[in-house]
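Student: I am new to this structure and would like to go through it step by step. Could you show me the sequence and the structure before we begin?

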Amino acid sequence: TLTKELMKIKLLPIIVVFIIIFVISMISILATSAVTFSYEKFNYGVYFITGNNWKNTLKLIMVKWGIQTTVSLLIAIGITFILNATTVINGVKIDISVSHIIVIAIIMMLQILAAIIMPYRMLRKTQPISIFKENKS
C-alpha cells in the first residue's frame, strides 16, 4: 500500500498536467477550426452549389483534419524514436508501446471530432446563397 500511495503522489501531478494540456489542446483546435471555417466558407458554398451536400462537405473536413493529425502523429513518433535512439532525456528513456499508440489514437479521434463540431454547427444553419452574399460585401 505504501508503494501505491507513493505512485498516486507521483502520478497525480502528471494526470493534472495531462488534463490541462488536453483541455487547452481541444480549445485551440476548436479555435483553429473556426478560423479555418471562416477562410474556407466560400469554398464550402461552391461545393454545395456544384452538387455536394453539407454532409459530404463535413466528411471532407473530417478527412482533412484526419490527414493533418495523422501526419503530426507520424512526425511526433519519428522524433520520439530518433530521441530514444540517440539520447536519454534527464535519465528517462522514452518508450512507446501499443497501449500508448491506442491512447494517442483515441485522443486523435477526439481532436478530429472537436475539429468538425464548429463547421457542423455553422453549416447546418447556413444557406449557400448567404455565404456568397457575405463574401461579396
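What follows is a set of questions and answers about this predicted model.

Student: Which pattern does the chain follow when it is read along the sequence?
Tutor: Since this is a predicted model, the elements discussed here are those of a prediction. The chain has four helices and zero strands. Read along the sequence, the pattern is therefore written with helices alone, given how helices and strands are assigned, and it is α-α-α-α.

Student: What percentage of the residues of the chain count as buried?
Tutor: A residue is called buried here when its relative accessible area is under 20%. The accessible surface of the chain comes to about 10100 Å², and carbon and sulfur atoms hold 72% of that surface. Of the 137 residues of the chain, the share that counts as buried is 24%.

Student: Is Gly45 buried or exposed, and why?
Tutor: Gly45 lies in helix α1, which covers residues 2-49. Setting aside residues up to four places away in sequence, Gly45 touches Trp54, Ile131 and Phe132, and the C-alpha atom of Gly45 is separated by 4.9 Å from that of Pro128, 83 residues apart along the chain. Because its relative accessibility is 0%, Gly45 counts as buried.

Student: Which residues does Lys41 contact, leaving aside its neighbours within four places in sequence?
Tutor: Lys41 is another residue found in helix α1. Its relative accessibility is 16%, so Lys41 counts as buried. Leaving aside neighbours within four places in sequence, the residues in contact with Lys41 are Ile131 and Glu134.

Student: Which side chains meet in a salt bridge?
Tutor: Side chains of opposite charge can pair when their charged atoms come close. A search of the whole structure finds one salt bridge, and this pair links distant parts of the chain, with one partner in helix α2 (residues 54-86) and the other in helix α1, 24 residues apart. Both partners count as partly exposed, Lys64 because its relative accessible area is 26% and Glu40 because its relative accessibility is 24%. At 3.5 Å from N to O, the side chains that meet are those of Lys64 and Glu40.

Student: Where does helix α3 bend?
Tutor: Helix α3 runs over residues 98-123, and its 26 residues reach 37 Å from the first C-alpha to the last, close to the 38 Å expected at 1.5 Å a residue. The helix nevertheless bends by about 25°, and a proline, Pro119, follows within four residues of the bend, which is at Ile117.

Student: Which residues is Gln111 in contact with, leaving aside its neighbours within four places in sequence?
Tutor: Gln111 has its place in helix α3, where the buried residues include Ile107, Met108, Ala115 and Gln111 itself. The relative accessibility of Gln111 is 17%, and so this residue counts as buried. The C-alpha atoms of Gln111 and Gly66, 45 residues apart along the chain, are separated by 8.9 Å. With neighbours within four places left aside, the contacts of Gln111 are Ser25, Met26, Ile29 and Thr69.

Student: Which residues make the nonpolar surface patch of about 760 Å²?
Tutor: One of the residues in this patch is Phe18, which is found in helix α1. At 44% relative accessibility, Phe18 counts as partly exposed because its value falls between the 20% and 50% limits. The whole patch is made by Met7, Leu11, Ile14, Ile15, Phe18, Ile19, Val23 and Ile27.

Student: What percentage of the contacts with a separation of 6 or more comes from residues 24 or more positions apart?
Tutor: Contacts of Gln111 with Ser25, Met26, Ile29 and Thr69 have already come up, and the question now concerns the contacts of the chain with a separation of 6 or more. Among these, residues 24 or more positions apart account for 80%.

Conventions:
Residues are numbered from 1 along each chain as its sequence is written. This is a predicted model: local features need pLDDT of at least 70, side-chain atom pairs count only at pLDDT 80 or more; totals for chains, interfaces and linings use all residues. Side-chain values use heavy atoms; hydrogens and water are left out. Helices (H or I, at least four residues) and strands (E, at least two) are DSSP runs, numbered from the N terminus. Buried means under 20% relative accessible area, exposed over 50%, partly exposed in between (1.4 Å probe, protein chains only). Contact means heavy atoms within 4.5 Å. The expected span of a helix is 1.5 Å times one less than its number of residues. The bend at a residue is the angle between axes fitted to the seven residues ending there and the seven starting there. Patches are made of residues with over 30% relative accessible area and no salt bridge: like charges are joined within 9 Å, nonpolar side chains (Val, Leu, Ile, Met, Phe, Trp, Tyr) within 5 Å. Accessible areas come from the Shrake-Rupley method with a 1.4 Å probe; for residues, only the protein chains shown count as cover. A salt bridge is a side-chain nitrogen of Lys or Arg within 4 Å of a carboxyl oxygen of Asp or Glu.
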